[in-house]
Amino acid sequence: MENGASDAKDPSGFLSEIIGAPVTVKLNSGVVYKGELQSVDGYMNIALEQTKEFVNGKLHRNYGDAFVRGNNVMYIAADS
């Protein structure tokens, strides 16, 4: 591959590497969830622990565990 294309990561590989790590999940609606990624499947269904829900950038609610249906997910980002 050329021009650094070999540095691209497979999404499923990336997601399996960050299981147990803090993540930010943004939904198509604009709502953001931050929590610890516990699992993700092939449909991008996501299970989070210690979850915080942010609406319009403001903390809206705290959840212990949360399940997000994959067709609502815009992106998942690993937090540092």
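Biologist: Let's start small: which residue in S3 stands opposite Ser-39?

Modeller: That's Ala-47. Before going on, this is a predicted model, so local features need pLDDT of at least 70 and side-chain atom pairs count only at pLDDT 80 or more, while totals for chains, interfaces and linings use all residues. Residues are numbered from 1 along each chain as its sequence is written, and side-chain values use heavy atoms, with hydrogens and water left out.

Biologist: How many helices and strands does the protein have?

Modeller: Elements here are DSSP runs numbered from the N terminus: helices are H or I with at least four residues, strands are E with at least two. The protein has one helix and five strands, in the order α-β-β-β-β-β from the N terminus.

Biologist: In which sense do S2 and S3 pair?

Modeller: Two strands pair if DSSP finds at least two bridges between them. S2 and S3 are antiparallel, with seven bridges. Their hairpin has five residues between the strands, and Met-44 there takes a positive phi near 70°.

Biologist: How many bridges join S3 to S4?

Modeller: Nine, and those strands run antiparallel. Phe-54 stands opposite Leu-59 in S4. This hairpin has two residues between its strands, and Asn-56 in the turn has a positive phi of about 55°.

Biologist: What about the core: which residues touch the most other members?

Modeller: In soluble globular proteins, nonpolar side chains tend to be buried together. A nonpolar core is a set of buried Ala, Val, Leu, Ile, Met, Phe, Trp, Tyr and Cys residues joined through side-chain atoms within 4.5 Å; buried means under 20% relative accessible area, using a 1.4 Å probe and protein chains only. The largest core has 13 residues, and Val-25, Ile-46 and Ile-76 touch the most other members. S1, S2, S3 and S5 each give two or more residues, with S1 giving the most, three.

Biologist: And what is Ile-76 in contact with?

Modeller: Contact means heavy atoms within 4.5 Å. Leaving aside neighbours within four places in sequence, the partners of Ile-76 include Phe-14, Ile-18, Val-25, Met-44 and Ile-46.

Biologist: Now a charged one: is Glu-53 buried or exposed?

Modeller: A salt bridge puts a side-chain nitrogen of Lys or Arg within 4 Å of a carboxyl oxygen of Asp or Glu. Glu-53, in strand S3 (residues 46–55), is buried yet has no salt bridge; Arg-61, the nearest side chain of opposite charge, is 4.3 Å away. Lys and Arg count as positive, Asp and Glu as negative; His and chain ends aren't counted.

Note on methods: Buried < 20%, exposed > 50% of the residue type's maximum accessible area, 1.4 Å probe, protein only.
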